[in-house]
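Welcome, and thanks for taking a look at this one with us. Below is a short tour, grouped by topic, to read alongside the model.

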Amino acid sequence: MKTHAQAVVIGGGLVGCSILYHLARLGWRDVILLERDELTSGSTWHAAAGIHGLHDSTNISRIQHYTMGLYKELEAETGQGCGVFQPGSLYLAQTEAREHQLRLQEAKARYYGMNFHAVSRDEAERLHPLVDFDGIRCIMYEPDGGNVDPSGVTMAYAAGARARGAEIHRFTPVTATVPQPDGSWIVETPKGSIRTDWVVNAAGLWGREVAAMAGLELPLIPTEHQYFVTETIPEVAAQGRRLPSVADRDGEYYMRQEGQGLLIGAYERDMRFWAEDGTPQGFGHELFADDLDRIMDNVMRAMARVPVAATAGIKRVINGPMIWSPDSAALFGPVPELRGYFCCNGIIPGFSQSGGLGLLAAEWMIEGEPRLDMFGWDLARFGPWAGKAFTKARVRDQYANRFAIHFPNEERAAGRPARLRPAYEVQKSMGAVFGLNCGWEHPLWFADEPGVTETTGFERQNWFEPVGREVRMLRTHVGVLDISNFATYEIRGPGAQDWLDALLANRVPSVVGRACLAPLIGVRGGVAGDFTVSRLAPDRFMMIGSGLAERYHRRFFDMVPLPQGTVFENRTDALCGMNVAGPKSRELLQRLTNEDLSNAGFGFMQARQMVVAGVPVVALRVSFTGDLGWELHCAEEQQTALYRALIGAARDMRGGPVGSRALGALRIEKGYGSWGREYSPEYRPQEVELDRLIKLDKDFLHKGAYVALAGTSPRETLSIFEIDAVNNADASGGEPIFLPDGTGVGRVTSGAYSAHTGKSLALGFARAGTAQPGDVVEIHVLGRPHRARMLPAPPFDPEGLRLRG
């Protein structure tokens, strides 16, 4: 066994072998995979191994389509069969909400050139004559859907990796992973040790145990999962061809042909956890005892839909473990706190995603960044707040509601609260309805009385009118927003300015009391973040960014060494923020402070330390609402006092509390992008109008990558659209945009109803050479085309007069 490697992959299941294969395919030959037992041990070998392309997330759809196409390439390349069956998949909608979901996916598929379309009942009955389609509102067909052989696919990845120079060592358990001062790792095994630049944790059911060797706790927990295969069914055998799989998610089961019978599986409400305190080291190809009674309600619905299923005996039952993250998405990417440690854990539909995950993992390690924005799956989305109790509660909810629709803006209660600010109880007593934001309970909107629960759906819900009132109140009078979910950092010392200038693409303020907006450039030259930087003293700066990206951004911060004597401190937990905004915000604050808040005394993009209602704050003249406003940042223990004072003064001026749903509408009608939606490493600065903030007369992180792109024309541009919303619904993100002649234009990134302007608005990207300002387009809200128009400018204060007034 080698003693040195570029990467050591721990885990010989499906995903570990895919990562090894793609590392070798992208040019790294000195790579090794270590497996404690035989390849496919754990959860790979017993998987139902279905493959499908469509997902609510566009980028996940992309990696799933890549994966589906890769299997036949692997067969041709390696000679190892993958057992690929692609008779297609039928997706059934019993409810209006499911129909909305499927029609939106159909519209996305048309835009992205994916094969997923509606079929009539007659056509569906031809495709699968054994299904009873009574009560079905809508039927979609994915011709490429199907299944593969779990062992065949894994062995094909392994064969492809070996052929490209990679090594695989079975029956070689890892006993320790030891970080070295130079950033490398020593991976210890009974057969010897390996020094490597990258440790890759793809250990599946043992992902927690492997992570613990590096001092890392991953939010993962295994569950039992059952499916069964029937004996031969004459009606299936008589077809003489393989039948499409059936995705009846309203029925909460899945079904496909297996041999001459059927495979039926379910995610039951009465779920079971397994190995909560650690996966047994000796576990490998074992299964649990059958417990079909738990899934019988689901099975009865499957048999009602395909009646011949009730006529057959059961050939075998599979009850095996799966390991889940709190949101059922992968824990993917480099660990921000550990140099050279990569995770790919908690993958549920692995056979639909293994190829894409392997490719992006290899890109991330070799090239420094994947080609697609994977933040929704980035393990950095969870922090220490996602502990065992939170993880268990969320996994229970995810498993039991595996096939339930995740509606736009939906906030599930499981595992909450995880993190609370001092003002939580005050806000709750005022009718606040909370959402989860980086673990924090954060006000979404304010009901007329405490205890209101919001409804969910694709159409406008019970929060539509209250959010509209908040928007109109702020634009007409004044509003107070809790922005304590933002991430806050302090940089101080003699090298603070030099460090910030080396990190960010804009030049940070040289004068005390000034602030600026500054982009962070990604490895490929895209937008990795945007920050507000304020100079509070000659050697002290405050930097504010996205709270959701707090852990993600740490990777970039660590890329720039701190000068001697300079301190970087994350102050997010210690500080709370409030935004006072609206035309009366100056009048409100002036009642609570002796500072001069006039435009001459406290101008736009200025910052200072002052006292408001007896509370010391750092005040910034900036507001994400796009209106006149100030951000006020105080010590966490004084949040409640500050909040009460601000709300009391606001009430006297016909103002009051405002939640983040209203903030979303306010920033959209102003045309402001948000990190994770309009700003991401996939988008170039010139495509989102951030290039004006980039200073090429200085060095900054990844400047070379940006310069290589700076002279290119935008592939697409961030635009704002007004939609004729005739179905009591608004865009929420992901909806495709077409010209009336069917030409694809782009897609929506954010949407909301603007109660101030009376318009249903959307931000989105339009491809170069398609739509221009003033053009009529069609945006597929609820999967149906809605007439819309590209606006030449944001409908609220396009010249920034209110903001700077």
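In which sense do strand 33 and strand 34 pair, and over how many bridges? Strand 33 (residues 736–738) and strand 34 (residues 744–754) pair in the antiparallel sense, over 3 bridges. Please keep in mind that this is a predicted model.

**The barrel and its neighbour**
- Within that pairing, I737 stands opposite G746 of strand 34.
- Both strands belong to a barrel that 6 strands close in the order 32-35-34-33-36-37, with antiparallel pairing.
- Neighbouring strands of this sheet are turned by 45° against each other on average, direction ignored.
- Helix 17 (residues 660–670) lies across strand 32 (716–723), strand 34 and strand 35 (759–767), and runs at about 130° to strand 34.

**Helix 18**
- In helix 18 (residues 703–710), the buried residues are K703, Y706 and L709.
- Viewed down the axis of helix 18, these buried residues fall within an arc of 130°, so they line one face of the helix.
- This fits a general rule: an α-helix has 3.6 residues a turn, so residues three or four places apart point the same way.
- The buried residues of helix 18 pack against strand 23 (515–521), while G704 and A708 are exposed on the face turned away from the buried side.

**Aromatic rings and charges**
- The whole structure holds 36 aromatic pairs.
- One of them, W324 with Y399, is edge-to-face, at 5.4 Å centre to centre with 65° between the planes.
- This pair links strand 16 (residues 314–324) to helix 10 (residues 388–400), with W324 and Y399 75 residues apart.
- W324 and Y399 are both buried, and they form one aromatic cluster with Y254, Y267 and F403.
- R36 lies over the face of W206, 4.2 Å from the ring centre, and the charged end of R242 sits over the ring of F85, 4.0 Å from its centre.

Terms used: Residues numbered from 1 in each chain as written. Predicted model: local features only at pLDDT ≥ 70, side-chain atom pairs only at ≥ 80, totals over all residues. Heavy atoms only, no water. Buried < 20%, exposed > 50% of the residue type's maximum accessible area, 1.4 Å probe, protein only. Helix = DSSP H or I, 4+ residues; strand = E, 2+ residues; numbered from the N terminus. Arc of directions from axis to C-beta. Contact = heavy atoms within 4.5 Å. Pairing = 2+ DSSP bridges. Axes fitted to C-alpha atoms, helices over the stretch in contact; angles between N-to-C directions. Phe/Tyr/Trp six-rings, centres within 6.5 Å; stacked < 30°, edge-to-face > 60°. Lys NZ or Arg CZ within 6 Å of the ring centre and 35° of its normal.
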